[in-house]
Amino acid sequence: MGTRRSLEFGGKRDKAARTTCSKENGTHMRAKTYLENALRQAVEAKGWEWPEKAVIEPPKDKKFGDMSANVAMMLSKQAKKSPRDVAADFVDTLSGDANIEKIDIAGPGFLNFTFSPDFWRETVNVVREAGGTYGCVDEGKGRKVQVEYVSANPTGPLHIGHGRGAALGDSLARILEKAGYEVECEYYINDAGRQMLILGGSILYRAKQLKGQTPAEPEDFYKGEYISDIAGRVLEKHPDLLDMDEADAVEVCKVYGKDEILEGIKEDLKAFGVRHDVWFSEKSLVDDGMVDETFGDLRKSGLGYDEDGAFWFKSTEFGDDKDRVLRKSNGDTTYFASDIAYHDNKFKRGFDMVIDIWGADHHGYIPRMQAACEAIGHKGQLNVILVNLVNLLRGGEPVAMSTRAGQFETLADVVADVGSDASRFMFLSRKSDSRLDFDLELVKQKSMDNPVYYVQYAHARICSMKRKAEGEGVAMAEPSPASLALLDTEQDLELLKCLDLYPDFVESAARQQSPHLVSMYLQELASTLHRYYTKVHVLSAGPEIAAARLMLLDCVADVLANGLSLLGVSAPEQM
RNA sequence: GCGCCCGUAGCUCAGAUGGACAGAGCAGGAGCCUUCUAAGCUCUUGGCCGGGGGUUCGAAUCCUCCCGGGCGCGCCA
């Protein structure tokens, strides 16, 4: 008996991370923005039209300079000359720009730009002035988006698979906020229908056993030990439980069990740093008549019909394989029926975009849900992200995922064992739709198989230097032409360039709904920092240079913490 | 059977909208601590991007057909 969104769950967002971004402070990476503006002007001056598919990005290979553009190739046809000739025109136009040190034409017609050191040094000012809002972009333009994730049935504790969905949903929400969306996070509680009855029946069955009875084993029941624990507590609270009617007793068990399990789920999520703004009850949908309302709407629009004693939704109108039953011939509504009403409700709350995070085993459910959204007038506004299975291992050996006690099968156990930071980083370092091996030994290990420590260590290293500097009376410099000019090593420039990349990674992560891009960026920034640390001495370089380098490293620490916060991972000052 | 996802170095993975010789970490090999945290750094070995066709000036990326793995195809949730 399934949990529909069976693989979800999430992390921690502090208030600051949710509120620091606004439309006003969104910026892209400077190098890219600067170049695009310059190139657009040049294109306009020539009377050409800017090719929308033009790409300006840092080249894969550093030997091609800081930024690379393919506009010349794109314009070749329009300009009626070879890409390299078009490129030569750009070189003529832009060669007087003081911020651009060098322009090369390469390969089939790529334009490769190298910026001046002063241009890069300006990054320090940008990062400092932006503070916590550094990395904010305006991809979302204030649009309202809802992210629904975890939504595990309140019939048992969360397992490791839910953890992956939780980390993903929570982090995605943080990223979308950073990217200029107004985000609300929601947990859909499947507290109506058959599985709740099964839960109640399971608890009652155990309660009877606890009282020495030998009831017949129910056809379908939850076998976990936690059911017996709950049964014991129900009996304490309702000593007369076994004297009630069967139906009343099941109801009592059901409500008690659901509430207790849900509380447990909330606690587990809290411990994992995951937050939901709204907990939405399926039962409330039914009780408030929203499901019936949806049926009426569908019937009115001709998209619902009766056949074989059941009520059907004509999902084939919208590309689904077959029509789907909404009300069974026995009178019960289906899960899908609630789900249509639920999504209708979501859109009525004014969201421009709705993101559902589901376990990958529900991918077959997507076409009918998309069909439903189209039917209720919201085509293209539902986005489903699938989260694939997590294989729990210990030292390469599979860990039994059975419900037996003593196994690390629950999220709470895993978080208690390996920690929230390491777990989240592991989940968020891979694409969500591929299977993930989660090895408890590896996740605890301090190696590059487990890069969370590598990134956190970079942050801690900088903090350590700052502490030491303070102890030695070395003050951090304030940005000024003089102090910035002291950032003149190759390593300084590397760091500056890396800092400038951050907003674009945020934007890509938001657009592709892929938190792992932030994780990859952080590993890159950490790597650059560690290299810097090894090659460039800070405190022993003389007071002025030390002060200037500390100023730069302070920016690096800020951006590391900034990015880690998007993943819901802490940035320790000491390790 | 039909549909969806996946197949990139020994391992784990990144390569959105096609672009410059396919990237990273781990593991293997060789080095680096009298200096700010060696949870670090440097160098190095290693790849017919599952396979065959096709579109393109250009394909890991798009189309098609195979092979291999996963999942889904209920008046279940």
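Before I begin, one definition: two strands count as paired if DSSP finds at least two bridges between them. Please keep in mind throughout that this is a predicted model.

With that cut-off in hand, let me start with strand β13, residues 390–394, which is joined to β14 by two bridges, the two strands running antiparallel. One of the residues involved is L393, whose bridge partner in β14 is P398. These strands belong to an open sheet of three, in the order β14-β13-β15, and the pairing in that sheet is mixed. At the edges stand β14, residues 397–398, and β15, residues 436–439, and because each has a single partner strand, one side of each is left without a neighbour in the sheet. Lying across β13 and β15 is helix α6, residues 160–178, which runs at about 120° to β13.

Next, a hairpin. Strand β8, residues 304–307, pairs with β9, residues 310–313, in the antiparallel sense over four bridges, and within that pairing D306 has F311 of β9 as its bridge partner. Two residues lie between the strands of this hairpin, and D308 there takes a positive phi near 55°.

That brings me to two further positive phi values. V150, although not a glycine, has a positive phi of about 70°, and this residue sits in the loop between β5, residues 144–148, and α6. Is V150 buried or exposed? V150 is buried, because 31 other C-beta atoms lie within 10 Å, and the threshold for that label is 20 or more. Q513, also not a glycine, has a positive phi of about 50° and is found in the loop between α19, residues 490–511, and α20, residues 516–535. With 17 other C-beta atoms within 10 Å, Q513 is partly exposed.

Terms used
Residues numbered from 1 in each chain as written. Chains lettered and ligands numbered in written order. Predicted model: local features only at pLDDT ≥ 70, side-chain atom pairs only at ≥ 80, totals over all residues. Contact = placed C-beta atoms within 7 Å. Axes fitted to C-alpha atoms, helices over the stretch in contact; angles between N-to-C directions. Buried ≥ 20, exposed ≤ 12 C-beta atoms within 10 Å, placed from the backbone.
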